[in-house]
Amino acid sequence: MTDNQTRWLGFYYRITTPVRQRMNKLGLQEKLMVGIFVPILVAFLIIGGMLFVSVGPFVSVRALGSNSLKELGSASVRESAASLNRLGEQIIQGKAESVAKQIEIYLESRPGLSGASLTNDPRLREIAVQRVGETGYTAVHNKKGVNYFHVNPQIVGTDLHGLAAKLPDFVKVLDAGLHRAAGGYYDWKDVDGKVRPKYMFSVPVEETNLVVAATTYIDEFGKPAGAILDKVGQMQDSYSAQYRNRFLFFLAIVLVVLGALLGIIYAFSSSVVRPIRHLSEVADQISMGDLEAEVNVEGEGEVARLCQSVERRRTS
């Protein structure tokens, strides 16, 4: 026997010896109850653990369902948000192209517009500044980046490159669209200090030095994805509530079943042990000289036959 086997054998005896000593002190009925009830209890605990308890790398059935629901919800939200963002980009681009075409047609019908007469034309301003989405707008600047039309009158006439220090990404997107159609993202800080991404698409107006830019918060188009996320959260809360109710229901059933099994096992073990106890009492009386003690056990099993043998011995 190797040293490892010897150590394991010693460990086994250290663990099992106290258990055997305690079992030896138990009566027959207690041993029957322990021998039958404990394996059933262990089986219930294993099944319950597999259904409801996660330990280390082992994941319960309940956790598998919950994690799958979370992953499905997250994947759905990501895909929905990405699709809606792409749709938002297309809407912003379409708006810029539409306004650029409208300005091109308007200027063709007004060949004399230039300089101050162009920037002061009210109809042209209506065409140049239009709403995009919920809070966005279109604006017009020349190919040097000087703004001609803007929703904010204070911006009109300013060189947008002056925002380079504050909004460097905005200026990069601006420069990319001065001579060709281009779009991109930049961060915009709201008055409440919250930073949100905006998307801007620029389209040069044909045969002019004008450029139309359309911009708005891209998350305006992703609001349905947020609604989906809220719905998934509600589903998870509902699932958790149902899990708690099912767990309590399962626990109540287990306790009732274990109680019933304990009663059945006790009744069964009592029917086995009762004649043996009676036989033990009669044997004690006979050993004390009381030969009138009778062994009254009915049945045809092994214990009944043993009692009948003792009775024949007593009367012989």
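**Figure 1. Glu207, an exposed loop residue with a positive phi.** In this predicted model, Glu207 counts as exposed because its relative accessibility is 78%. Follow the chain out of strand β5 (195-204) and you meet Glu207 in the loop that leads on to β6 (210-217). The backbone is worth a look too: phi of Glu207 is near 65°, a positive value in a residue other than glycine. Most residues other than glycine have a negative phi.

**Figure 2. The whole protein, for orientation.** Before zooming in again, here is the overall layout. The protein has eight helices and six strands. Starting from the N terminus, these elements follow the order α-α-α-α-α-β-β-β-α-β-β-β-α-α. The protein has 316 residues, of which 30% count as buried. It exposes about 20300 Å², with carbon and sulfur atoms supplying 60% of that area. Among contacts between residues at least 6 apart in sequence, 51% join residues at least 24 apart.

**Figure 3. Thr216, a buried residue of strand β6.** Is Thr216, in strand β6, buried or exposed? Thr216 is buried, since its relative accessible area is 1%. Two polar partners of its side chain can be picked out in this view. One is the backbone nitrogen of Gly136, which the side chain of Thr216 reaches at 3.1 Å. Another is the side chain of Glu220, with which the side chain of Thr216 makes a polar contact at 3.2 Å. Leaving aside neighbours within four places in sequence, Thr216 is in contact with several residues, including Ile92, Val132, Thr135 and Gly136. Lys198, Tyr199 and Phe221 are also among the contacts of Thr216.

**Figure 4. Phe170 and Tyr186, an edge-to-face aromatic pair.** The count of aromatic pairs comes to two. In the one shown here, the rings of Phe170 and Tyr186 meet edge-to-face, 5.2 Å from centre to centre and with 70° between the planes. Which parts of the chain does this pair tie together? Phe170 belongs to helix α6 (residues 168-176) and Tyr186 to strand β4 (residues 182-189), so the pair links parts that are 16 residues apart in sequence. Phe170 and Tyr186 are both buried.

**Figure 5. Leu167, a buried loop residue.** Leu167 sits in the loop between β3 (147-149) and α6. Although it is in a loop, Leu167 is buried, with a relative accessible area of 10%. Which residues does Leu167 touch, not counting those up to four places away in sequence? They are Asp187 and Trp188. Leu167 and Asp187 are 20 residues apart in sequence, while their C-alpha atoms are 7.5 Å apart in space.

**Figure 6. Salt bridges within helices α3 and α5.** A search of the whole structure finds four salt bridges, and two of them are shown here. Lys101 forms a salt bridge with Glu104, with 3.7 Å between the closest N and O atoms. Both residues lie in helix α3 (residues 61-109), three residues apart, or about one turn of the helix. Lys101 counts as partly exposed because its relative accessibility is 45%, whereas Glu104 is buried, with a relative accessible area of 15%. In helix α5 (residues 122-128), Arg123 and Glu126 are likewise three residues apart, about one turn of the helix. Their salt bridge has its closest N and O atoms 3.1 Å apart. Arg123 is partly exposed at 44% relative accessibility, and Glu126 is exposed at 52%.

**Figure 7. A salt-bridge network around Arg196.** Asp190, Arg196 and Asp219 are linked in a network of salt bridges. Within this network, the closest N and O atoms of Arg196 and Asp190 are 3.5 Å apart. Is Asp190 buried or exposed? Asp190 counts as buried, because its relative accessibility is 16%.

**Figure 8. A nonpolar patch on the surface.** The last view turns to Val38, Val42, Ile46 and Met50, which form a nonpolar patch on the surface. Together these residues have about 330 Å² of accessible area. Val38 lies in helix α2 (residues 28-52). With a relative accessible area of 38%, Val38 is partly exposed.

Technical notes. Residues numbered from 1 in each chain as written. Predicted model: local features only at pLDDT ≥ 70, side-chain atom pairs only at ≥ 80, totals over all residues. Heavy atoms only, no water. Helix = DSSP H or I, 4+ residues; strand = E, 2+ residues; numbered from the N terminus. Buried < 20%, exposed > 50% of the residue type's maximum accessible area, 1.4 Å probe, protein only. Patch = residues over 30% accessible without salt bridge, like charges linked within 9 Å, V, L, I, M, F, W, Y side chains within 5 Å. Areas by Shrake-Rupley, 256 points an atom, 1.4 Å probe, with all protein chains shown as cover. Salt bridge = Lys/Arg side-chain N within 4 Å of Asp/Glu carboxyl O. Polar contact = N/O pair within 3.5 Å; in protein donor to acceptor, adjacent residues only side chain to side chain. Contact = heavy atoms within 4.5 Å. Phe/Tyr/Trp six-rings, centres within 6.5 Å; stacked < 30°, edge-to-face > 60°.
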